[in-house]
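Welcome! Let's look at a structure together and ask why its features get the labels they do.

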Amino acid sequence: MILAWLPGIGVVEPVSERTAYDVNAFRARFTEVRFCGYDTRIHPYIFQFTLAARLKDCDIVKADFTGSLPGVLAKRLYGTRLVVNYNYHALRIAEIHGKPAHVLWLRILRRLALRAADGVIVASRALEQEVLAAGYRGYRVVVPNGVDLERFRPSEQRWTAPVILTVGRDSPEKNLSVVREAVAQIKGAVLNEVRGLPYAQMPTAYQSASVFVLPSLTEGCSKSLLEAMASGLRCIATMAAAEGLAGGWDPLIIMENDSDPSQWASAIRHALKDPELGASSRAWVERHHDIRRTLFQEVAFLKWVGRR
């Protein structure tokens, strides 16, 4: 069975180290896996039309929602099975960025993708509800993101300086200003904003921190939050940032207010005094987000759709 993987719009080859784990796992379970990243010499939306022809001999296409147009075209032209991977709130991000034309395009693309889909993989119950609200009534499965528990593990060293870590791009939906102001209120605390760091260095970044904060206004199933939890960090997140956590929010400090720096500072101080919070975070992802289990669920669904 030949599987083609279409990443989100604009994602290029070669695959990132984080994605490589998933790709290699798929290659062990399919006859061939083609990761169809975008050619940066061509506008990503134009490239989607040229990419469809490469999917003609594939048995099944796994397409991230924002990059699903070639899969939709392959389904129409060649009858190729299509599974849409719906793993974050793309329309919400476009709304936060104030891009109404992009919101309109994503609504059209979502309608096309869900109408063509033979199956949908969603990363959380909230995303499942979004798909259902958009009118999809076909086969679907909830598969939360997983984390490599061998790569990301707690450090045996105990740090005395309070290092507050956040991971991700500096964009409006990440809401980083609130934690910058919060950490400034805590004597001796240092905020480490990590972005663009090679993936091989990420375990050290987590192990060098005391507390992880995720103040995002929207997420799907945050991989950085899962990596921080696997690393045994005490974690603080907004309700939106933690929505994809399977099994509930017990190991986290959840912030209902995403905009008050004083409340965030208070939560960080509380986390710094609660060392058991990190141990419970690690145990939680071991139970609910082991990447070996989540990939097995995803592969099983893809193969089931491919054989129907």
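Q: What covers the buried residues of helix 9?
A: The cover includes helix 1 (17-27), strand 7, helix 8 (202-207), strand 9 (211-214), strand 10 (234-238) and helix 11 (276-288). Helices (H or I, at least four residues) and strands (E, at least two) are DSSP runs, numbered from the N terminus. Contact means heavy atoms within 4.5 Å. This is a predicted model, in which local features need pLDDT of at least 70, side-chain atom pairs count only at pLDDT 80 or more, and totals for chains, interfaces and linings use all residues. Residues are numbered from 1 along each chain as its sequence is written, and side-chain values use heavy atoms, with hydrogens and water left out.

Q: What makes helix 9 (residues 223-230) largely enclosed by the rest of the structure?
A: Seven of its eight residues are buried, so the label fits. They are Ser224, Leu225, Leu226, Glu227, Ala228, Met229 and Ala230. Buried means under 20% relative accessible area, exposed means over 50%, and partly exposed lies in between (1.4 Å probe, protein chains only).

Q: Why is Ser262 called partly exposed?
A: Its relative accessible area is 41%, so Ser262 falls between the two cut-offs, 20% and 50%. Ser262 sits in helix 10 (residues 261-272).

Q: Why does Asn175 count as buried?
A: Its relative accessibility is 13%, which is under 20%. Asn175 belongs to the loop between strand 7 (163-167) and helix 7 (177-184).

Q: What is the phi of Asn175?
A: Phi is near 60°, a positive value in a residue other than glycine. As background, most residues other than glycine have a negative phi.

Q: How do you know that Cys58 is in no disulfide?
A: A disulfide is a pair of cysteine sulfur atoms within 2.5 Å. For Cys58, the nearest cysteine sulfur, that of Cys36, is 6.6 Å away. The structure as a whole holds zero disulfides. Cys58 is also buried, because its relative accessible area is 6%.

Q: Why is the sulfur of Cys235 too far for a bond?
A: The closest cysteine sulfur, in Cys221, is 13 Å away, so the pair does not meet the cut-off. Cys235 is buried too, at 0% relative accessibility.

Q: Why is helix 2 called roughly parallel to helix 3?
A: Helix 2 (residues 44-51) and helix 3 (residues 69-78) pack at an angle of about 25°, with their axes 8 Å apart. Angles under 35 degrees count as roughly parallel, over 145 as roughly antiparallel, 65 to 115 as roughly perpendicular and the rest as oblique, so this pair is roughly parallel. Axes are lines fitted to C-alpha atoms, for helices over the stretch in contact, and angles run from 0 to 180 degrees between N-to-C directions.

Q: Which residues bring helix 2 and helix 3 together?
A: Gln48, Phe49 and Leu51 in helix 2 meet Leu69, Pro70 and Leu73 in helix 3.

Q: What makes helix 1 oblique to helix 12?
A: Helix 1 and helix 12 (residues 291-307) pack at an angle of about 50°, with their axes 11 Å apart. That angle is in none of the three named ranges, so the pair is oblique. The contact is made by Tyr21, Asp22, Ala25 and Phe26 of helix 1 and Ile291, Arg292, Leu295, Glu298, Val299 and Leu302 of helix 12.
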